[in-house]
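Biologist: Thanks for sitting down with me over this one. Shall we walk through it together, starting where two chains meet?

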Amino acid sequence: MIFTPLNIILFGVVGLLGVGLYGLLITRNLIKVVMVLQILIKAVILALVLAGKLSGHLGLGQSTAATVIVADTIVAVVGLALAVQVRRRFGTLDVPRISTLRG
Amino acid sequence: MAGIIVALVIVLPWAGALAVWLARNKHARLQHALAVLFSVLTAIVSLVLFLFADTEPAIRIPLGKAFGDLTFVPDGLAVLLTAIAAVIGSLAVIFSVDYMHGDAQLGRYYFLVLFFIGAMTGLVLSGNLLFTFFFWEITALCSYGLISFYNDDPKAVAGGIKALIITQVGGVGLLAGTLIAFANLGSFQIADLLAKASALPAMALAWIAFSFLVAAAAKSAQFPFHTWLPDAMEAPTPVSALIHAATMVNAGIYLLARFYPAFEAVPGWRMSVLLVGLVSALIAAVSALIATDLKRALAYSTVSQLGYMVYAIGAEGVFASQFHLLSHAVFKALLFLAAGAVIHSVGTRDMRRMGALGRQMPFVRNVFIVGALALAGIPILNGFWSKELILEIGLEHSPLWAYALMLTGAGLTAFYTLRMVWLVFFGEEREPLHAHAAGLAMKVSLGILAAGTFITWLFFGGLNGLLASTLPIHELERETLLEVLTAILSAPATWFALLIVALGCGLFWLLGRKSALAQGGWLDPFVETSFGFESLNRWIVQVTYQVAERFSVTQTGELNWNILGIVSALLVVLVVLWLGA
Amino acid sequence: MESIQYAVFLLGAVFCAYRAIVAKRILSATIYLACISALVSGTLYLLGAAQVAVMELSVGAGLVTILLVYALSVVGDDAMDPASVIPKPLAFGVVGLAAVLLGWMAFPAVRTTAAVGEFDLASSLWQDRVLDVWIQIVLIFSGVMGVLGLLSEKVPGAKEEVEQ
């Protein structure tokens with residue numbers, strides 16, 4: 001069968017991306033949005049390392065993946081800080097309701 | 001050591017910007033003091049930098065193979081423009097202490113001004129095209145912020161947006177040229193581009209050359225992008241001085257001068273540069289003849305003088321253009337700040353309402369006349385020497401008709417300059433405007449600039465030697481001050497040019513005085529539409545607006561729907577790829 | 001054999017991701033997220049990217065989980081699950097189609113592994129992509145500011161309103 005380990009990883013990446021995007025489409029909770037972004041980022045990290053492996057530049061793939069990890073952690077931190085402040089100020093985490101609020 | 005100085009001259013104004021911002025608007029005096037302190041420090045450091053001028057980068061920060069090194073090269077050209085930006089900038093800041101007195105939101109004002117100065121020094125010192133672009137865009141942003149500083153005035157906002165969009169055309173040109181250069185050279189270093197220009201494919205080099213010309217024309221308000229500068233007049237006057245003399249518009253001239261050796265061989269490039277300068281110089285001079293807004297008239301004269309510089313570069317006179325840039329920076333800053341003192345005092349910019357103000361503000365009148373004479377090209381002020389130098393080079397290296405037209409421009413310059421002086425300071429009083437004398441800070445900066453107008457031409461020999469020795473690729477001719485003075489004074493062309501200038505003055509004295517207030521008659525429609533190019537500029541602005549508005553429909557502000565849009569776009573791309581492959 | 005290991009890890013990760021999305025309580029979603037992180041980290045380790053695997057495990061499964069739990073303890077776990085704005089079949093259809101196409105098209109590309117100039121992580125990061133390191137430093141600073149925002153008790157905007 002043609003399912004090499006790398007093919008399986010590709011399917012894993014696509015699966016995680018798909019589930020993550022689906023989550024972003026249906027989620028209304030701000031904290032959950034941050035979590036879904038984390039899932040998407042996992043897929044991206046995996047894809048970067050996979051691409052590094054495929055092209056033979058595993059170190060390069062790893063270094064970009066490391067940058068992505070740092071960036072995505074910061075996104076999580078800032079996103080959560082935002083969520084906490086939004087919750088304190090508006091009393092809700094429902095994204096559609098927040099975006100119609102003015103203030 | 002040189003590295004520290006170079007770093008200081010960029011970081012100091014930015015640190016000052018931060019300090020002023022942190023001082024909060026409640027402490028206005030502290031903000032004034034901090035802004036003056038940091039800008040004057042920057043000016044001093046920029047003058048010290050002359051001692052460290054060098055061809056090699058003073059700072060080299062490796063950013064890895066993918067981006068190249070971030071270098072800062074304090075060569076003669078960069079050092080000269082740094083000094084202009086920092087010194088004129090600091091004088092504008094000192095002037096602002098009086099001009100902006102009692103204004104709310106000083107923090108925003110000084111932050112943008114200092115940020116602007118730092119970005120300009122970074123722009124000219126950067127040896128990496130990518131970072132030149134980075135600083136270039138910061139100057140565009142700051143100019144937008146400052147032109148629209150009075151953001152409750154719709155005209156100010158419109159002027160700012162126009163400046164931003166039109167100079168973005170230039171930004172796109174610079175970026176395109178940079179990327180083409182990178183694609184062919186694999187390096188963002190300016191030195192590499194200059195050294196290997198002849199080895200590039202002719203087509204690629206031509207694209208880079210003309211992209212950079214578009215960038216320079218948009219930034220320096222040259223034909224056909226010359227309409228944003230007169231519309232930028234809603235800014236506080238020190239900002240106008242900053243934009244016209246110290247920063248912003250100089251960037252375009254700098255770009256042309258910097259890359260002149262790489263592009264001079266491109267067929268048609270030099271001629272295009274020459275024509276852009278020629279057309280800008282002439283139509284702006286004509287527009288200035290009938291402008292009734294004091295600052296607008298000065299703005300047209302800036303476009304016109306920048307046209308002279310561009311023309312000089314087209315006529316192989318890189319040094320002459322930079323020398324005129326120095327003269328122009330000094331006398332135009334003087335004119336703008338003096339105009340600012342008048343406007344601040346009488347509360348209007350309309351020259352038709354002024355008149356006979358000279359008796360009430362003699363100091364301002366005197367310095368304004370000094371600046372005006374330099375602009376008109378009267379010996380022995382700095383504007384005379386640099387303009388004669390440009391005309392001399394034009395006579396040698398450009399077609400005779402171009403030279404003749406530039407001479408006509410010099411006559412027009414004399415005419416509109418005298419008209420400005422006459423309308424503002426002399427003649428009869430048309431409206432009982434109450435003028436009060438200028439404050440101390442205003443007088444200090446005006447005095448320094450007026451003194452500079454008398455003496456900056458003395459630096460010719462030193463600057464020429466500095467640029468010639470630190471810009472080996474430009475192959476500049478070495479001349480001492482004495483040689484140039486004798487050359488200028490002994491050339492018949494000089495006397496001819498002076499005759500034309502005198503003719504301009506005489507014509508005004510005989511004919512213009514009475515009709516100075518009259519409408520331009522048949523000229524009016526041309527000037528109002530900037531000879532038809534207002535529509536081009538307006539079109540660019542409108543298209544940008546329309547595209548933005550069309551796209552704003554897609555901004556639902558609802559996360560889920562936005563994501564659906566993204567995923568659908570992804571789907572479309574995938575389908576296209578699938579079908580295409 | 002290796003394929004089975006990968007398959008188990010990644011199927012687990014995708015399953016966890018699905019559970020995390022449909023979970024009613026955010027706390028349980030957090031735990032599923034940590035599981036995804038651990039499984040992805042294992043996959044990375046098997047791929048030979050050991051350093052990134054360690055980073056992923058410590059940051060993804062450790063730090064982010066702690067942050068999430070802390071944020072939940074501040075705002076409370078509402079078990080809020082209003083109906084989604086977008087019809088679920090539409091969302092599922094669009095995403096599913098995109099995923100299938102992506103997998104289908106990328107499939108042929110993933111066949112051979114090239115083995116050219118092997119850099120290790122350290123030299124790649126410090127020589128090739130130094131700008132990345134600088135950007136990471138800036139990012140970490142902004143992250144610190146974010147944590148301050150997370151911890152600050154007062155809402156910055158609310159204070160000004162009181163003064164007015």
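Modeller: Happily, and please keep in mind that this is a predicted model. The contact between chains A and C takes 66 residues from chain A. From chain C it takes 77 residues.

Biologist: Which helix of chain A gives the largest share of the side that touches chain C?

Modeller: Helix H1 (5–26), helix H2 (30–55) and helix H3 (58–90) of chain A each supply at least two residues of that side. The largest share is 24 residues, and the helix it comes from is H3(A).

Biologist: How many residues on the side of chain A that touches chain C are nonpolar?

Modeller: That side divides by class, with 18 polar residues and eight charged ones. The nonpolar residues number 40.

Biologist: And the contact between chains B and A, how many residues does it take from chain B?

Modeller: By class, the side of chain B that touches chain A has four nonpolar, two polar and one charged residues. Chain A gives seven residues to this contact, and the number from chain B is seven.

Biologist: Let's turn to chain B itself. Why can it be called as compact as a globular protein of its length?

Modeller: Chain B has 24 helices and two strands. For its 581 residues the globule rule gives 25 Å, and the chain is as compact as a globular protein of that length because its radius of gyration is close to that, at 24 Å.

Biologist: What share of the contacts in chain B between residues at least 6 apart in sequence join residues at least 24 apart?

Modeller: As background, buried residues make up 56% of chain B, and its C-alpha trace spans about 80 × 55 × 50 Å along the principal axes. The share you ask for is 81%.

Biologist: Which helix gives the most to the largest nonpolar core?

Modeller: That core has 213 residues, and B:Leu114, B:Ala333, B:Leu334 and B:Ala338 have the most contacts inside it. With 20 residues, the helix that gives the most is H14 (residues 318–346) of chain B.

Biologist: Which residues does B:Ala333 touch, leaving out those up to four places away in sequence?

Modeller: Two residues must lie with their C-beta atoms within 7 Å to count as touching. For B:Ala333 the partners are B:Ile88, B:Leu91, B:Ala92, B:Ala241, B:Ala245, B:Ala246 and B:Leu449.

Biologist: How far apart are the end C-alpha atoms of H3 in chain B?

Modeller: H3(B) is mostly covered, with 24 of its 24 residues buried. At 1.5 Å a residue, residues 76–99 should span 34 Å, and the model agrees, because the end C-alpha atoms are apart by 34 Å.

Technical notes. Residues are numbered from 1 along each chain as its sequence is written. Chains are lettered from A and ligands numbered from 1 in the order in which they are written. This is a predicted model: local features need pLDDT of at least 70, side-chain atom pairs count only at pLDDT 80 or more; totals for chains, interfaces and linings use all residues. A nonpolar core is a set of buried Ala, Val, Leu, Ile, Met, Phe, Trp, Tyr and Cys residues joined through C-beta atoms within 7 Å. A residue is buried if 20 or more other C-beta atoms lie within 10 Å of its own, exposed if 12 or fewer, and partly exposed in between; C-beta atoms are placed from the backbone. Helices (H or I, at least four residues) and strands (E, at least two) are DSSP runs, numbered from the N terminus. Ala, Val, Leu, Ile, Met, Phe, Trp, Tyr, Cys and Pro count as nonpolar, Asp, Glu, Lys and Arg as charged, and the others, Gly among them, as polar. The expected span of a helix is 1.5 Å times one less than its number of residues. The radius of gyration is taken over C-alpha atoms; the globule rule is 2.2 Å times the number of residues to the power 0.38.
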